[in-house]
Amino acid sequence: MTHAIPPGRNWFDQGGQDYARFRPEYPPALAAFLAGVAPGRGLAVDVGCGNGQLTHLLAPHFERVIGLDPSADQIANAVPHAGIDYRRAPAEHLPVDDASAHLITAAQAAHWFDLPAFYREVRRVARPDAVVALVSYGVLALEPALDARFQRFYRDEIGPYWPPERGLVDTGYATLDFPFAELPYPPMTIRVDWDLAAFLGYVQTWSAVRSVREAGRDALLTAFADDLARAWGAPDTKRTVAWPINMRIGRV
């Protein structure tokens, strides 16, 4: 059955300013694993924390959690929790005491850091045998009937509009310098069930999509959205979206 696309519907005009609304959530198992490999449960520091997506998951596992981000707007919209102290600060200058942290994390953020400066700060704030974890989630996968069209859009059509740092995320940070004794981690996946509007709302938050619009190539976005809408079926149908979680994790 073919479902009609609402005439004139702009799927990429849904209030993209609400960035947090469309971000996928990490599974609680990720925080539990990180807490389990840390040498203690005193202090966790989440660097580049954004609006606290990983930060708030760490809070039940540690006596204290500090969430740090250079963006005042992100900190202002962070998920509140009695055990979390959110502060505005860059990764290269952590307002954290020497030798105090059992766990230092950076989720979907390390590709923006000055890594040598960040690593110097990690060594300064880390307790003996503390764990540092650079977390990322890779390219999403849709259900088979939708995935081929999405992958063509992601890699070929908007691929040239991604900043160079995006390639580091796509490879799971495999090429990042990581001067710590690495630890294994179990496979983990972010999985959500979204309707069409939610999925395209997420896509519109991408920097590459904003660059496409700034380049005046909205027709590329419209063609993708129309193709996906036809394959999706009823727009309110929930479809599974999955992202593999990748990490570089090690002891300081």
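In this predicted model, the side chains of Arg213 and Asp218 meet in a salt bridge, with an N to O distance of 3.3 Å. Neither end of this pair is counted as buried: Arg213 is partly exposed because its relative accessibility is 31%, and Asp218 is likewise partly exposed, at 32%. The pair belongs to a total of 11 salt bridges.

A further group of charged residues deserves a look of its own. Arg149, Arg152, Glu157, Asp227 and Arg230 are linked in a network of salt bridges. Within this network, Glu157 meets Arg149 at 3.3 Å, N to O, and Glu157 also meets Arg152, here at 3.1 Å, N to O. The surroundings of these three residues can be read from their accessibility. Glu157 counts as buried because its relative accessibility of 19% falls under the 20% cut-off. Arg149 is buried too, at 14%, whereas Arg152, at 40%, is partly exposed. The salt bridge between Arg149 and Glu157 therefore joins two side chains that both count as buried, while the one between Glu157 and Arg152 pairs a buried residue with a partly exposed one.

Next in sequence to Glu157 comes a residue of another kind, Ile158, which takes part in the nonpolar interior. The largest nonpolar core holds 62 residues, and those touching the most other members are Tyr26, Leu34, Ile158, Phe199 and Trp206. Helix H9, spanning residues 218-232, gives the most to this core, with seven residues. Beyond its neighbours within four places in sequence, Ile158 is in contact with Phe153, Trp206, Ala208, Val209, Val212, Leu220 and Leu221. A second core, separate from the first, has 29 residues, among them Ile66, Leu68, Ala91 and Ala130. As general background, nonpolar side chains in soluble globular proteins tend to be buried together.

Leu34, another of the residues with the most partners in the largest core, leads to helix H1. This helix covers residues 28-37, and its buried residues are Leu30, Ala31, Phe33, Leu34, Ala35 and Val37. The spacing of such positions can be read against helix geometry: an α-helix has 3.6 residues a turn, so residues three or four places apart point the same way. What do the buried residues of H1 pack against? Their partners are one helix, H2 (55-58), and three strands, namely S4 (101-107), S5 (126-137) and S8 (239-251).

Technical notes
Residues are numbered from 1 along each chain as its sequence is written. This is a predicted model: local features need pLDDT of at least 70, side-chain atom pairs count only at pLDDT 80 or more; totals for chains, interfaces and linings use all residues. Side-chain values use heavy atoms; hydrogens and water are left out. Buried means under 20% relative accessible area, exposed over 50%, partly exposed in between (1.4 Å probe, protein chains only). Helices (H or I, at least four residues) and strands (E, at least two) are DSSP runs, numbered from the N terminus. Contact means heavy atoms within 4.5 Å. A salt bridge is a side-chain nitrogen of Lys or Arg within 4 Å of a carboxyl oxygen of Asp or Glu. A nonpolar core is a set of buried Ala, Val, Leu, Ile, Met, Phe, Trp, Tyr and Cys residues joined through side-chain atoms within 4.5 Å.
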